[in-house]
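Please read the following account alongside the sequence and the coordinates. The topics are disulfides, pockets, aromatic contacts and backbone geometry.

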Amino acid sequence: MEILYSDKHLAVCVKPVGLDAELEVPAALREALGGEIFPVHRLDKNVGGVMVYARTKQAAAALSRAVQEGTMVKQYVALVHGTPPECGDWQDLLWKDSRKNKVFVVKRPRGGVKQARLTFTRLSGGDPSLVRIRLYTGRSHQIRVQFASRGFPLVGDHKYGARDEEAAPRLFSCKISFPWGKETMEFERLPDWA
């Protein structure tokens with residue numbers, strides 16, 4: 001696992017596809033760096049990318065506050081089937097069926113329904129298309145569901161309609177930025193397929 005940055009408060013790494021962000025990645029970071037590791041955000045097990053972890057309870061509180069206040073900015077790249085618009089600002093209501101671990105776009109608010117917003121820019125056209133996405137809300141499977149519901153399932157995302165041979169969704173957390181002290185910290189990596 002690539003570690004992009006570490007100090008006594010923070011550890012920033014590139015989470016590999018297949019590792020659990022809340023258990024296996026912290027264990028790997030503890031082994032590499034020693035000390036405590038606190039998860040403050042998550043990525044699905046079958047998604048890779050840039051993540052930040054706290055190394056103290058104070059750092060965990062500060063990073064969690066940044067997530068809640070929307071000052072932690074997360075961007076992704078995804079390979080999607082079809083050709084979505086050049087750019088977009090999509091807002092939907094999402095409902096999660098916990099028994100099936102599947103999320104659905106719904107028409108009206110009710111118990112358990114949450115607002116979801118993302119913006120995107122298409123970087124390449126054709127089929128598949130490469131898109132860069134900024135998340136404003138971090139809902140479960142949000143990017144996957146919002147694109148699939150409009151007819152652009154992620155390459156490799158068989159749960160949400162892809163009919164291809166890829167083993168995992170082509171989705172990657174490529175950039176994260178957050179306030180830290182008097183500055184903004186920013187880290188970026190792209191996957192080989194982007």
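The count of disulfides in this predicted model comes to zero. The reason can be followed from two cysteines, Cys13 and Cys174. A disulfide requires two cysteine sulfur atoms within 2.5 Å. For Cys13 the closest cysteine sulfur is that of Cys174, and because the separation is 15 Å, it is too far for a bond. Taken from the other side, the sulfur of Cys174 has its closest cysteine partner in Cys13, again at 15 Å and too far for a bond. Cys13 is buried, its relative accessible area being 0%. Cys174 also counts as buried, with a relative accessibility of 0%.

Next come the pockets. Rolling a probe the size of a water molecule over the atoms shows where empty space is left. The largest pocket holds about 420 Å³ of space. Its lining consists of 22 residues, and those closest to the pocket centre are Gly138, Arg139, Ser140, His141 and Gln142. Three elements each give two or more residues to this lining: strands β5 (73-80) and β6 (87-97), and helix α3 (142-148). By class, the lining of the largest pocket divides into nine nonpolar, six polar and seven charged residues.

The second largest pocket has a volume of about 270 Å³. Among the residues that line it are Val40, His41, Val67, Gly70 and Met72. Val73 and Lys74 also belong to this lining, as do Arg134, Leu135, Tyr136, Thr137 and Gly138. At least two lining residues come from β5, and at least two from β9 (129-135). The lining of this second pocket has six nonpolar, four polar and two charged residues. Gly138 thus appears in two descriptions: it is one of the residues closest to the centre of the largest pocket, and it lines the second largest pocket. Strand β5 likewise supplies residues to the lining of the largest pocket and to that of the second largest.

What aromatic contacts are there? The structure holds six aromatic pairs. A pair of aromatic rings is described by the distance of the centres and the angle of the planes. One aromatic cluster is formed by Tyr5, Phe178 and Phe187.

Two arginines are placed over aromatic rings. Arg117 has its charged end over the ring of Tyr136, at 4.0 Å from the ring centre. Tyr136 is also one of the residues lining the second largest pocket. Arg110 lies over the face of Trp95, 5.2 Å from the centre of the ring.

The last topic is the backbone, where three places deserve a look. The peptide bond that leads from Asp127 to Pro128 is cis, and its omega is near 10°. Pro128 is found in the loop between β8 (114-124) and β9.

Where does Asn101 lie? Asn101 is in the loop between β6 and β7 (102-106). Although Asn101 is not a glycine, its phi is positive, at about 50°. With a relative accessible area of 33%, Asn101 is partly exposed.

His141 has a positive phi too, near 60°, and is likewise a residue other than glycine. The loop between β9 and α3 contains His141. Is His141 buried or exposed? With a relative accessible area of 7%, His141 is buried. His141 also leads back to the pockets, as it is among the residues closest to the centre of the largest one.

Technical notes:
Residues numbered from 1 in each chain as written. Predicted model: local features only at pLDDT ≥ 70, side-chain atom pairs only at ≥ 80, totals over all residues. Heavy atoms only, no water. 1 Å grid on protein atoms, 1.4 Å probe; cavity = no way out; pocket = protein on both sides within 12 Å on 5 of 7 lines; lining within 4 Å. Points joined across faces, edges and corners; volume = space filled by probe spheres on them. Helix = DSSP H or I, 4+ residues; strand = E, 2+ residues; numbered from the N terminus. Nonpolar A, V, L, I, M, F, W, Y, C, P; charged D, E, K, R; others polar. Buried < 20%, exposed > 50% of the residue type's maximum accessible area, 1.4 Å probe, protein only. Phe/Tyr/Trp six-rings, centres within 6.5 Å; stacked < 30°, edge-to-face > 60°. Lys NZ or Arg CZ within 6 Å of the ring centre and 35° of its normal.
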